[in-house]
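Trainee: Hi! I've just opened this one and could use a guide. Can we look at it together?
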Amino acid sequence: AHRDDKHGGKELLEGMRRLGYNHCVYSPGFFSSSTQMVCGNAVFSRRPLQPCKELGSGMVMLDKNRAREDRTAAVGIVQLGDISLAVASAHLDVWAEMRGYFGM
């Protein structure tokens, strides 16, 4: 992604759409000083993503300001017939985790 793209994800979004993943939920996490981009998580889907009333949006704050960074998850709800499937995308930062989080 180009550094002049505010979130660094425009090329990824366009590429996923070319592959048929026309629906996306994105959750910004933190600004990376090394890449000069906002880092976060995304859920891509070929099926429409339904709003989650319990969340109010597609983002869940997992840990506010942990190791000076917000940790978020992107959450999308996909309807599969009579069943609703929640899909979440989150990552753990191994460097932050090694500094004592989650028992590592």
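Trainee: Which classes of residue make up the lining of the largest cavity?
Mentor: This is a predicted model, and in it that lining has two nonpolar, five polar and two charged residues.

Trainee: Which residues line the largest cavity?
Mentor: The lining consists of Gly-29, Phe-30, Cys-39, Gly-40, Asn-41, Asp-70, Arg-71, Thr-72 and His-91. The elements that give two or more residues to it are strand E1 (23-32), E2 and strand E5 (69-80).

Trainee: How much space lies in there?
Mentor: About 40 Å³ lies in the largest cavity. As for the count, there is one cavity of 30 Å³ or more.

Trainee: Let me step back. How many helices and strands does the protein have?
Mentor: Two helices and six strands. Along the sequence they follow the pattern α-β-β-β-β-β-β-α.

Trainee: And how much of the protein counts as buried?
Mentor: Of its 104 residues, 31% count as buried. The accessible surface comes to about 7200 Å², and 56% of that belongs to carbon and sulfur atoms.

Trainee: What about contacts between residues far apart in sequence?
Mentor: Take the contacts with a separation of 6 or more: residues 24 or more positions apart account for 47% of them.

Trainee: Back to E5, then. Is that strand mostly covered or mostly open?
Mentor: Mostly covered, since 10 of the 12 residues in E5 are buried.

Trainee: Which strands does E5 pair with?
Mentor: Strand E3 (residues 49-50) pairs with E5 in the antiparallel sense over two bridges. Strand E4 (residues 59-66) also pairs with E5 in the antiparallel sense, over five bridges. Then E5 and strand E6 (residues 83-89) pair, again antiparallel, over seven bridges.

Trainee: Can you give me some residue pairs to click on?
Mentor: Sure. Gln-50 has Ile-77 in E5 as its bridge partner, and Arg-66 has Glu-69 in E5. For the pairing with E6, Gly-76 has Val-87 as its bridge partner.

Trainee: What lies between E5 and E6?
Mentor: The two strands form a hairpin with two residues between them. In the turn, Gly-81 has a positive phi of about 65°.

Trainee: How do E1 and E2 run relative to each other, parallel or antiparallel?
Mentor: They run antiparallel, and nine bridges join them. They form a hairpin too, with four residues between the strands, where Gln-36 takes a positive phi near 60°.

Trainee: I'd like a residue to look at in E2. Which one stands opposite Cys-24?
Mentor: That would be Phe-44, which sits in strand E2 (residues 37-45).

Trainee: Is Phe-44 buried or exposed?
Mentor: In between: Phe-44 counts as partly exposed because its relative accessible area is 22%, and buried means under 20%.

Trainee: What does Phe-44 contact?
Mentor: Leaving aside neighbours within four places in sequence, Phe-44 is in contact with Leu-12, Leu-13, Met-16, Tyr-21, His-23 and Cys-24. You can also find Ser-89 from there: Phe-44 and Ser-89 are 45 residues apart in sequence and 9.6 Å apart in space, C-alpha to C-alpha.

Trainee: And Ala-42, where is that one?
Mentor: Ala-42 is in strand E2 as well. Its relative accessible area is 23%, so Ala-42 is partly exposed.

Trainee: Which residues does Ala-42 touch?
Mentor: Not counting residues up to four places away in sequence, Ala-42 touches Cys-24, Val-25, Tyr-26, Ala-74 and Ser-89. For a distance, take Pro-28: Ala-42 and Pro-28 are 14 residues apart in sequence and 8.7 Å apart in space, C-alpha to C-alpha.

Trainee: One last residue. What can you tell me about Ala-86 in E6?
Mentor: Ala-86 counts as exposed because its relative accessible area is 54%, and the cut-off for exposed is over 50%.

Trainee: Which residues does Ala-86 touch?
Mentor: Ala-86 touches Gly-76 and Ile-77, again not counting residues up to four places away in sequence. Between Ala-86 and Val-75 the C-alpha to C-alpha distance is 6.8 Å, with 11 residues separating them in sequence.

Trainee: What do side chains do along a regular strand in general?
Mentor: In a regular strand they alternate between the two faces of the sheet.

Technical notes: Residues are numbered from 1 along each chain as its sequence is written. This is a predicted model: local features need pLDDT of at least 70, side-chain atom pairs count only at pLDDT 80 or more; totals for chains, interfaces and linings use all residues. Side-chain values use heavy atoms; hydrogens and water are left out. Buried means under 20% relative accessible area, exposed over 50%, partly exposed in between (1.4 Å probe, protein chains only). Contact means heavy atoms within 4.5 Å. On a 1 Å grid over the protein atoms alone, a cavity is a set of points where a 1.4 Å probe fits but cannot get out, and a pocket is an open set with protein on both sides within 12 Å along at least five of seven lines; lining residues have an atom within 4 Å of a point. Grid points are joined across faces, edges and corners, and a volume is the space filled by probe spheres set on the points. Ala, Val, Leu, Ile, Met, Phe, Trp, Tyr, Cys and Pro count as nonpolar, Asp, Glu, Lys and Arg as charged, and the others, Gly among them, as polar. Two strands pair if DSSP finds at least two bridges between them. Accessible areas come from the Shrake-Rupley method with a 1.4 Å probe; for residues, only the protein chains shown count as cover.
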